[in-house]
Structures are given as structure tokens and as C-alpha cells.
Amino acid sequence: MACVSPDGKPTESGTRMLRALRAGSKSPEEVALETGLPLFKVRSGLRDIAQAGLAEQKEDRYRLTEKGATLVE
Amino acid sequence: MEETKEQIGYMPRIGEPAPPFEAVTTHGKLKLEDFKGSWLILFSHPADFTPVCTTEFIAFSEIQPELQKRGVELLGLSVDSVSSHIAWARNVEEKTKVKIPFPIIADLNKEVSLAYGMVHPGQSKTETVRCVFMIDPNQIIRTILYYPLSTGRNMDEILRLVDALQTTDKHGVATPANWRPGDKVVVPPPNTQEMAEERLKQGYECVDWYLCRKRL
């Protein structure tokens, strides 16, 4: 996974995406705008983050899970 | 992976939807649809740690800021592994101080290469030739370039093509030979006799009814 290391910790770009989700659920476009990361990287990164159980996807929006929230407190 | 003649023979065409893919890259697993809404230049190179490819990667990296200004993402590809791509990118940075900022597909099973007709057996049965696919925000193939193994690509032409395609989309015009941004553009040819006659009165710079230029 590109945004989550094998030890389960988010990478630098993963952390930026998780921080962007602290204020509530967001679309990949909104996360890209807030983080300044390219949209393609955000789309694939959020997939990784969701797969690692750090965020959950509902339709085209992502929000932090409890596990994800503890990593960016 | 053993390719069939049919697989090698498949060539996508301009105007067709770009073949979808999900691929392992140096930036993680990426899907074609991740690039939806942006222009994408998908380009292949024969192999990592080879001289012409190294010059091309440096050149692509150097034009990346200009491409970004135009809303274009870059995505490289070869049939090498991710580890090889990472090692090569690190080596390029160490030796030339140029950081490779874009992802590179590790197409070990040639899934993407074959879908895009990047393997030309007359040149090499094991490597991809130097292809460039310009894919628009709707994921339609808009330009295809093929270069042989021996010849590095021209970045000026790649930028010129992006400018030309975007100008065509924005203004509904065509661009003449050797066009550069700021030059006059070609007004699309008329479809009827009436349109042809009207055109001559519209203040365009016309050689004749079928070749009219204007400034944007």
C-alpha cells in the first residue's frame, strides 16, 4: 500500500489525507484541494487507507474510523 | 507471460476509450480511473538503467512543472519490477540531482503493455517501445506516438501537442503545421456551399474557402 506502511502506520502523504478527514467526511476532490496532493494519488491513497481500516467509504466520500482518528489526534 | 499474436497485434486507436487498467506502480496501486478529470500522458520505455531511457526520464521530469500548469499528469511504464524502478529513480537522483516525480508502472506480466499495443516484436519481443498516449479528462485517447528503441522523444513536441489539443478543445479550431501557442489557428472547413461563401465574408485570413486562419 502506498499510503500505509507494512507496519500499519500511515506514510507522510497518508497522514496528510487522514488529517484532512478530521473535520468530517470528504470527497477525494476535497481532500486533494486541502492537501495539495494530486487527485490520482488521493484517490488511490484513500482506497489504501480504507483497506487498512483507517477510514470508511460511503458513496464517494470518506470519513475517519476510530482507528484512523487515533493516528492523527 | 506468453503473448498471443492477437494480443501483440492489438493497437488502440485515437478517439477510442483508453483501455482500463489497475497496475502496481512506484506510487502504489493505480487505476486508469484515478486520473479521470485530468489529462494523462501514459508513456512506456524499454528498460530501467538504460541510457536513452535515462535521458528521457530526466527530460520528462524537467517538463513536469509545465505539464502540471496544463493539468496533465505523467505515468511511466516498463516491464521492470517496482524494486528496479525505485532503484533506478534513486540512482538518477543521486547521479543527476533530478528527482523523478511521477509514478512508473511495473508491468511485469505485460498486462498494460499489451492492452495498449506497446510491444512491437519487430523491435523487441521482451521490451516495450517508446510509446506516448495522450488521454483526455474523459479518458479518450487523443494522440498516440511511437518511437523506436534507438530514438529518445522530443519534449518540445509533447508540450506542443498538449497545447494544440487543449486549444482545439477550448476554441473548436484546428492547428496548422508547426503551430505554436500564439500562432494563428485554422478554422474548421465548412460543410456546405453556403457556409463556404459566408466564411469568405467573415474577416478570416483565407487562402481560399477551405483554408482560413484566425487569431485567437
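**Helices and core of chain B**

User: What comes right after α3(B), and is its phi positive or negative?
Analyst: α3(B) is followed by K97(B), and the phi of K97(B) is positive, near 65°. Helices here are DSSP runs of H or I with at least four residues, and strands are runs of E with at least two, numbered from the N terminus.

User: What kind of model is this, and how are things numbered?
Analyst: This is a predicted model, in which local features need pLDDT of at least 70 and side-chain atom pairs count only at pLDDT 80 or more, while totals for chains, interfaces and linings use all residues. Residues are numbered from 1 along each chain as its sequence is written, and chains are lettered from A and ligands numbered from 1 in the order in which they are written.

User: What confidence does chain B get?
Analyst: Its mean pLDDT (the predictor's confidence in each residue, from 0 to 100) is 94, and 96% of its residues reach 70 or more. For the complex, the predictor gives an ipTM of 0.89 and a pTM of 0.92.

User: Back to α3(B): what span should it have?
Analyst: Helix α3 of chain B (residues 82-96) has 15 residues, which at 1.5 Å a residue should span 21 Å, and its end C-alpha atoms are 21 Å apart, in agreement. The expected span is 1.5 Å times one less than the number of residues.

User: Which of its residues are buried?
Analyst: H85(B), W88(B), A89(B) and V92(B) are buried in α3(B), where buried means that 20 or more other C-beta atoms, placed from the backbone, lie within 10 Å of the residue's own, exposed means 12 or fewer, and partly exposed is in between. These buried residues cover an arc of only 100° around the axis, which puts them on the same side of α3(B); the arc is that of the directions from the helix axis to the C-beta atoms.

User: What sits on the opposite face, and what covers the buried one?
Analyst: The face turned away from the buried side carries the exposed residues S83(B), R90(B), E94(B) and K95(B). The cover over the buried residues includes α2 (51-69) and β5 (104-106) of chain B.

User: Switching to α5(B), which residues are buried there?
Analyst: In α5(B), which runs over residues 155-171, I158(B), V162(B) and A164(B) are buried. Seen down the helix axis, the buried residues of α5(B) fall within an arc of 165°, so they line one face. Their cover includes β3 (39-44), α2, β4 (72-78) and β6 (130-135) of chain B, whereas D156(B), E157(B) and K170(B) are exposed on the face turned away.

User: Which residues touch the most others in the largest core?
Analyst: That nonpolar core (buried Ala, Val, Leu, Ile, Met, Phe, Trp, Tyr and Cys residues joined through C-beta atoms within 7 Å) has 37 residues, of which L40(B), I41(B), L42(B), L75(B), L77(B), F133(B) and I135(B) touch the most other members. β3(B) gives the largest share, 5 residues.

User: What does L42(B) contact?
Analyst: Leaving aside neighbours within four places in sequence, L42(B) is in contact (C-beta atoms, placed from the backbone, within 7 Å) with L75(B), L77(B), F133(B) and I135(B).

User: And how is chain B divided overall?
Analyst: By an automatic or database domain assignment, chain B is divided into domain 1 (5-153) and domain 2 (172-214), whose C-alpha centres lie 36 Å apart.

Methods:
Contact = placed C-beta atoms within 7 Å.
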